[in-house]
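Colleague: I should be grateful for a close look at the aromatic pairs of this predicted model. Please take the rings in turn and then describe their surroundings.

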Amino acid sequence: MRLGFVGTGSMGGMLVRAFVRSGLPDVEVAAYNRTAWKLDRIIVENPNVRKMDSASSLAKFSDFIFLCVKPADVLTVLKEIRTSMSPDKFLISINSAWSLSELESEVSSKVIKIIPSITQEALSGVMLTMYGSRATPTDRQLFEATCRGISFPVVIKENDVRVCSDLTSCGPAFLAFVLQSFASAAVRQGGIPPQQADQLVKYMIYGLGKLFVKEGYEFEEIISRVSLPGGVTEAGLKVLKPAMEGVFDDVLTTTKHFQGQHTKDK
Ligand SMILES: NC(=O)c1ccc[n+]([C@@H]2O[C@H](COP(=O)([O-])OP(=O)(O)OC[C@H]3O[C@@H](n4cnc5c(N)ncnc54)[C@H](OP(=O)(O)O)[C@@H]3O)[C@@H](O)[C@H]2O)c1
């Protein structure tokens, strides 16, 4: 299986590094970036990545072509690769501004849309996945088996992409901010060193994540196991509950109406 990446910026670079580290058998990784030296930096650390000299040669070489450019650059790349995108190939777009049907109208290949997350840097976290009309059940199995090497692929409806990516792609930043605030309060209120507070919170969230995913705990189970009637955790939760009311509704209302970088001409 040949995976090709057009654009090796923040997200494309992360996906290239993740697939190289995934150790998936029979996977070859190739890449092309507009500014060649930026790709060279990645290749120095990952010498097995094949450097291509154009988007069209990358498309000819690859089975899965990951389009990892900003929305405004998508059309330029599509024009370059269009003739190489035969029906047996897969075009995988990582931006939400281009719909599956718009992409299908540009190429004759199968089209998939994914929303990666920074968590793929750690070969984990959710990869939101949406399929175009040409992807067969066998294609889907093949794609998800490949993505499982670096993530937990979850298929969603295209209309739900905003709220789902708020949870999986913006979520790490939202929760990192909440955890940072928690650790800072411990420094102010408990007088412990900042480094120690950060370390305690990071290892706490690592263990909590394992309880959710590996041990199958529900949110309520964690709360009731830790918060005993009349205890200190219950007292803390009594402060937290009213303070949190509506906070994430406001966050999600704001992201829902945000246009900025999601327009194609930006
Ligand atoms: N950042 C996130 O957390 C996140 C999460 C999910 C999805 N996304 C989506 O991912 C997409 C890329 O975001 P990003 O943050 O990775 O952007 P980025 O860091 O700017 O990377 C884009 C890359 O595309 C390259 N490029 C542009 N035009 C090209 C062309 N014609 N041929 C080859 N390479 C070209 C750029 O090359 P140069 O080196 O010449 O600039 C740059 O390296 C966006 O649509 C974004 O919405 C981002």
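Modeller: In this predicted model, the count of aromatic pairs comes to eight. One of them joins Phe64 and Phe90, whose ring centres are 4.6 Å apart; their planes stand at 75°, which is over the 60 degrees required, so the pair is edge-to-face. This contact links distant parts of the chain, since Phe64 belongs to strand E4 (residues 64–67) and Phe90 to strand E5 (residues 90–93), with the two positions 26 residues apart in the numbering. Phe64 has a relative accessible area of 0% and is therefore buried. Phe90, at 4% relative accessibility, also counts as buried, because the limit is under 20%.

A second edge-to-face pair is formed by Phe212 and Phe219, with 5.1 Å from centre to centre and 70° between the planes. Here the accessibility values read otherwise. Phe212 has a relative accessibility of 24% and so counts as partly exposed, whereas Phe219 is exposed, because its relative accessible area of 62% is over 50%.

To return to the former pair, Phe64 and Phe90 belong to one aromatic cluster together with Phe5, Phe19, Phe66, Tyr131 and Phe143. Phe90 has a further contact: the charged end of Lys110 sits over its ring, 5.7 Å from the ring centre.

Lys110 and Tyr131 lead to the neighbouring strands. Strand E6 spans residues 110–115 and pairs with E7 in the antiparallel sense, over four bridges; within this pairing, Ile115 stands opposite Leu128 of E7. Strand E7 itself covers residues 126–131, and five of its six residues are buried, so the strand is largely enclosed by the rest of the structure. E7 is also joined by four bridges to strand E8 (residues 152–155), and these two strands run parallel. In that pairing, Met127 has Pro153 of E8 as its bridge partner. Together with helix H6 (residues 137–147), E7 and E8 make a right-handed β-α-β unit.

As for annotation, an unreviewed UniProt entry lists residues 2–95 as "domain: Pyrroline-5-carboxylate reductase catalytic N-terminal". In the model, this span is 44% helix and 21% strand, and its end C-alpha atoms lie 21 Å apart.

Technical notes. Residues are numbered from 1 along each chain as its sequence is written. This is a predicted model: local features need pLDDT of at least 70, side-chain atom pairs count only at pLDDT 80 or more; totals for chains, interfaces and linings use all residues. Side-chain values use heavy atoms; hydrogens and water are left out. UniProt positions are given in the numbering used here, feature names are shortened, and annotations may be inferred rather than shown by experiment. Rings of Phe, Tyr and Trp (its six-membered ring) pair if their centres lie within 6.5 Å; planes under 30 degrees apart count as stacked, over 60 as edge-to-face and the rest as tilted. Buried means under 20% relative accessible area, exposed over 50%, partly exposed in between (1.4 Å probe, protein chains only). A charge sits over a ring if NZ of Lys or CZ of Arg is within 6 Å of the ring centre and within 35 degrees of the ring normal. Two strands pair if DSSP finds at least two bridges between them. A crossover is right-handed if, with the strands pointing away from the viewer, the path from the first strand over the helix to the second runs clockwise.
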